[in-house]
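Please open the model in your viewer and keep the sequence panel beside it, since each stop on this tour begins with a selection.

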Amino acid sequence: MRTTLRLAAIYNILWGAWVVLFPQHFWELVGMEPMRHPMVWQGMGMVIGVYGLGYWWASYDPMRHWPIVAVGGLGKLFGPAGFLLNYATGLVPFGFFYTLITNDFIWWIPFGLILWRVHKVYRWRLTE
């Protein structure tokens, strides 16, 4: 659990910094039209980077700090759901799908296993 959260922390902090510092780079990589308002994408990068800090802090005691993992896990479910909805209505091009692979999908099993253990051991209690 500790290793998973630290890897997630490092990834999120690096991804967040990349998006904040180079907001148009992703769009260039996938051949999409540059954003008109990059500050929106940079705001998302900031939030993802802050999640990384939360994951790092949670890594010191994952069972105790499971709500941080749960919030991150929900984001990893709702992000793809939002993409599907927006893609189906034509608001988002398919190129955006590539962010879901590393931001969401690869974390589903590790985060799910952490949360499953919390459920089995603590039954979702907030205190030990």
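A residue is called buried here when its relative accessible area is under 20%, exposed when the value is over 50%, and partly exposed in between. Bear in mind throughout that the model is a predicted one.

Begin by selecting Leu 100, which sits in helix α5. Its relative accessible area is 4%, and Leu 100 therefore counts as buried. If residues up to four places away in sequence are set aside, Leu 100 touches Gly 79, Pro 80, Phe 83 and Phe 105. Adding Gly 79 to the selection and drawing a distance between the two C-alpha atoms should give 7.5 Å, although Leu 100 and Gly 79 lie 21 residues apart along the chain.

Next, widen the selection to two whole helices, α4 and α5, the latter covering residues 97–122. Their axes come within 9 Å of each other and cross at roughly 140°, and the crossing is left-handed. On the α4 side, the residues that meet α5 include Trp 66, Val 69, Ala 70, Gly 79, Pro 80 and Phe 83, while the α5 side includes Phe 97, Leu 100, Trp 107, Trp 108, Phe 111 and Leu 115. Colouring this contact by class would show 15 nonpolar, five polar and two charged residues.

Keep α4 (residues 66–88) on display and bring in α3 (residues 38–58), whose axis comes within 9 Å of that of α4 and crosses it at roughly 140°. How are α3 and α4 oriented to each other? An angle over 145 degrees would count as roughly antiparallel, and one of 65 to 115 as roughly perpendicular, so at roughly 140° the two helices are oblique to each other. The crossing of α3 past α4 is left-handed. To see the contact itself, select Tyr 51, Gly 54, Tyr 55 and Ala 58 in α3 together with Ile 68, Val 71, Gly 72 and Lys 76 in α4; by class, this set has five nonpolar, two polar and one charged residues.

Now turn to the nonpolar cores. The largest of them has 15 residues, and those that touch the most other members are Leu 5, Ala 8, Tyr 55, Trp 66, Val 69, Phe 111 and Leu 115. Helices α1 (2–21), α3, α4 and α5 are the elements that give two or more residues to this core, and α5 gives the most, with six. For a view from one of its members, centre on Leu 115, which touches Trp 66, Val 69, Ala 70 and Trp 124 when residues up to four places away in sequence are not counted. A second core, separate from the largest one, consists of ten residues, among them Phe 26, Met 32, Phe 83 and Phe 96.

The last stop is the segment after α5, where both Arg 123 and Trp 124 are found. Arg 123 has phi near 50°, a positive value in a residue other than glycine, and Trp 124 likewise has a positive phi, near 70°, without being glycine. Are these two residues buried, partly exposed or exposed? Arg 123 has 51% relative accessibility and so counts as exposed, whereas Trp 124, with a relative accessible area of 37%, is partly exposed.

Key
Residues numbered from 1 in each chain as written. Predicted model: local features only at pLDDT ≥ 70, side-chain atom pairs only at ≥ 80, totals over all residues. Heavy atoms only, no water. Axes fitted to C-alpha atoms, helices over the stretch in contact; angles between N-to-C directions. Helix = DSSP H or I, 4+ residues; strand = E, 2+ residues; numbered from the N terminus. Parallel < 35°, antiparallel > 145°, perpendicular 65-115°, else oblique. Left-handed = near helix turned anticlockwise from the far one by under 90°. Contact = heavy atoms within 4.5 Å. Nonpolar A, V, L, I, M, F, W, Y, C, P; charged D, E, K, R; others polar. Buried < 20%, exposed > 50% of the residue type's maximum accessible area, 1.4 Å probe, protein only. Core = buried A, V, L, I, M, F, W, Y, C linked by side-chain atoms within 4.5 Å.
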